[in-house]
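Trainee: I've just opened this one and don't know my way around yet. Could we go through it together, one question at a time?

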Amino acid sequence: MTLLAVDSLSKTFSSAAAKGAQPVVQALADLSFQVAAGEFLSIIGPSGCGKSTLFRILSGLEQPDTGQVTLQGQPLPLETDRQGRFGYMPQRDTLLPWRTVLDNVILGADLAGDSRELARSEAQRLLPLFGLDGFENVWPSALSGGMRQRAALLRTFLTGYETLLLDEPFGALDALTRRVLQQWLLGVRTRFKKTILFITHDIDEALLLGDRVLVFSPRPGRITADLPIDLPHPRSQDTVLDDSFLAHKRNVMAHLKLE
Amino acid sequence: MMTARLIFPAAVLLMLLALWELLVWALAVPKWIVPAPSAIGQAFWETRALLATHVRQTMLEVAIGIGVAVSTGVALAAVLDFSPWLRRAIYPLLVISQTVPILALAPLLIIWFGFGIAPKVIVVTLFCFFPIAINTSDGLTATEPELIDLLRSMGATWPQIWQKVRLPAALPYFFSGLKIAATYSVVGAIVGEWVGAKQGLGIHLLRSSAAFKTAQVFSAIAITSLLSILLFLTVFVIERKMMPWYFERR
């Protein structure tokens, strides 16, 4: 069943802030794809190919020049239609420094005007799963990079939205922490029935986590390949050594057209 | 470590006071030119009841002045934030306005508002308004756009974005301004009283020096500094109470 349909999105930035010879930047060109309910969709592409712009449009922070976003059969033409529909996790962890970890992760419920006590006790139950047990009353500045990302992820999960947009959640972490978190996300994912769109620069990460990989072209962003990843679950770090994995990897690399 | 940080400046201060006492005694300086610290202490003790009424008056002016400066300063910062156009028009004027000597304005204020409390409160407000308005305005512009984006993507309303992101983010800046304002404020009240008042530390200073009661002048000066320090510490304590997250990370 199609949950999310993106139909011929285009976006051009003509900002005065863009310096240099190119005052007009086309970020997305006629982008279309669909996502099924419960699917994990990895999106990979070179820097500046408009992946983040896609997420900003979906989460209602930008308006596309043309095109349509449809969620559960309902078109969402305006920015305000799309706000509060997706669990968006921006590239930086963006925890609020003046809220404790617990109050950060319940931000969604707080904004919705739900009972804070209820939200806190629900979040409290999930803290161990997110490796944050005992850190509920700590300020975010006291957390390590990996913990900050897990807290931001928990906040995104707790927004209660069915579709999550994760923009390079592990991008700023060291390789080891990143691997641990990938493994952890694979585990968490099976417990929550969420549809996830996951931007990454890392081919291994895209293949290891994704049910499907979208490969973007350099700017303006277009889809150059839409590849189902039929690797069996459960996947682990050893999966990246399988022949079938390597075949997928070669395929993605061929489509990435790295100059 | 707090005591260690206090002990050295306190020791130096005590030594300086002792040196002062010694020099006045050794050089036989007349009391009406430079009184010894002991004479100042004595004058302080003898005039304590009188001083208390003056302090009360001055602090009342300070309290109202800071209150007005905080509310108008924060309000202006918010207005400047709503309109980038207004900000560009008014912000430079605000900075230029600081070159107007407030000392010279005080006599004018007496002409316009009389000898009551109003002109003093206005002088305090003029001293305190600028650091509060400018710092709060800078704080509001310094909010990380990513945080605002995050809340917008979650469907937050503008009041929610202000309450949960913009105001807390501006708070450290606001308090920097308030700390500067607090140190200016007592001096502001005294300047206001200087040009004409019935009560207050400023007029007490003026009367004491006119009567060559130099020890009284010094004790009034000392209490003025003390009040400024106390005010600063009060702001400091409130700041720590309101922003534990800001202080616990360092």
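Trainee: Among contacts in chain B between residues at least 6 apart in sequence, what percentage join residues at least 24 apart?

Mentor: Keep in mind that we're looking at a predicted model. Take the contacts in chain B whose residues sit at least 6 apart in sequence, then keep those at least 24 apart. The share that remains is 75%.

Trainee: How many helices and how many strands does chain B have?

Mentor: Walk along chain B from the N terminus and the elements read α-α-α-α-α-α-α-α-α-α-α. The C-alpha trace of chain B spans about 75 × 50 × 30 Å along its principal axes, and 36% of its 250 residues count as buried. The count for chain B is 11 helices and 0 strands.

Trainee: Let's pick one of those helices. What do the buried residues of helix 7 of chain B pack against?

Mentor: Helix 7 covers residues 145-153 of chain B, and its buried residues are B:Leu147, B:Leu150, B:Leu151, B:Arg152 and B:Ser153. After the helix comes B:Gly155, with a positive phi near 80 degrees. As for packing, the buried residues meet helix 8 (158-194) of chain B and also strand 6 (87-89) of chain A.

Trainee: So how many residues does each chain give to the contact?

Mentor: Count the two sides separately: chain B gives 15 residues and chain A gives 18. By class, the chain A side has 9 nonpolar, 8 polar and 1 charged residues. To answer you in order, that's 18 from chain A and 15 from chain B.

Trainee: Over in chain A there's an open sheet of 4 strands. Which strands stand at the edges?

Mentor: The order is 2-1-4-5, with antiparallel pairing. An edge strand has a single partner, so one side of it is left without a neighbour in the sheet. In chain A, that describes strand 2 (25-36) and strand 5 (74-75).

Trainee: Which residue is the bridge partner of A:Thr70?

Mentor: Strand 4 (residues 66-71) and strand 5 of chain A pair in the antiparallel sense, over 2 bridges. Look in strand 5 for the partner of A:Thr70, and you'll find A:Pro75.

Trainee: And which strands of the sheet does helix 1 of chain A touch?

Mentor: Helix 1 (residues 51-58) packs on the sheet, and its direction makes about 65 degrees with that of strand 2 of chain A. The strands it touches in chain A are strand 1 (2-13), strand 2 and strand 4.

Trainee: Where does the largest nonpolar core lie relative to domain 1 and domain 2 of chain A?

Mentor: This core has 66 residues, and those with the most contacts inside it are A:Leu41, A:Ile43, A:Ala151, A:Leu165, A:Phe198 and A:Val213. Its largest share, 6 residues, comes from helix 6 (residues 145-158) of chain A. Domain 1 (2-86 + 162-256) and domain 2 (96-160) of chain A both give residues to the core, so it lies between them.

Trainee: How far apart are the C-alpha centres of those domains?

Mentor: The domains do touch: the contact takes 9 residues from domain 1 of chain A and 7 residues from domain 2 of chain A. On the domain 1 side, the residues divide into 8 nonpolar, 1 polar and no charged, and helix 7 (residues 175-191) of chain A supplies the largest share, 3 residues. The distance between the two C-alpha centres is 25 Å.

Trainee: Now for backbone oddities. Which peptide bond in the loop holding A:Pro234 is cis?

Mentor: That loop runs between strand 10 (223-228) and helix 9 (243-256) of chain A. The bond you want has omega near -5 degrees, and it goes from A:His233 to A:Pro234.

Trainee: Is A:Ser8 buried, exposed or partly exposed?

Mentor: A:Ser8 is in strand 1 of chain A, and has a positive phi of about 40 degrees although it is not a glycine. Buried would take 20 or more C-beta neighbours, and exposed means 12 or fewer. With 13 inside 10 Å, A:Ser8 falls in between, so it counts as partly exposed.

Trainee: Last one: where is B:Phe212 found?

Mentor: B:Phe212 has a positive phi too, near 55 degrees, and is a residue other than glycine. It is partly exposed, with 13 other C-beta atoms within 10 Å. Its place in chain B is the loop between helix 9 (201-210) and helix 10 (214-242).

Methods
Residues are numbered from 1 along each chain as its sequence is written. Chains are lettered from A and ligands numbered from 1 in the order in which they are written. This is a predicted model: local features need pLDDT of at least 70, side-chain atom pairs count only at pLDDT 80 or more; totals for chains, interfaces and linings use all residues. Ala, Val, Leu, Ile, Met, Phe, Trp, Tyr, Cys and Pro count as nonpolar, Asp, Glu, Lys and Arg as charged, and the others, Gly among them, as polar. Two strands pair if DSSP finds at least two bridges between them. Axes are lines fitted to C-alpha atoms, for helices over the stretch in contact, and angles run from 0 to 180 degrees between N-to-C directions. A nonpolar core is a set of buried Ala, Val, Leu, Ile, Met, Phe, Trp, Tyr and Cys residues joined through C-beta atoms within 7 Å. Domain bounds come from an automatic or database domain assignment.
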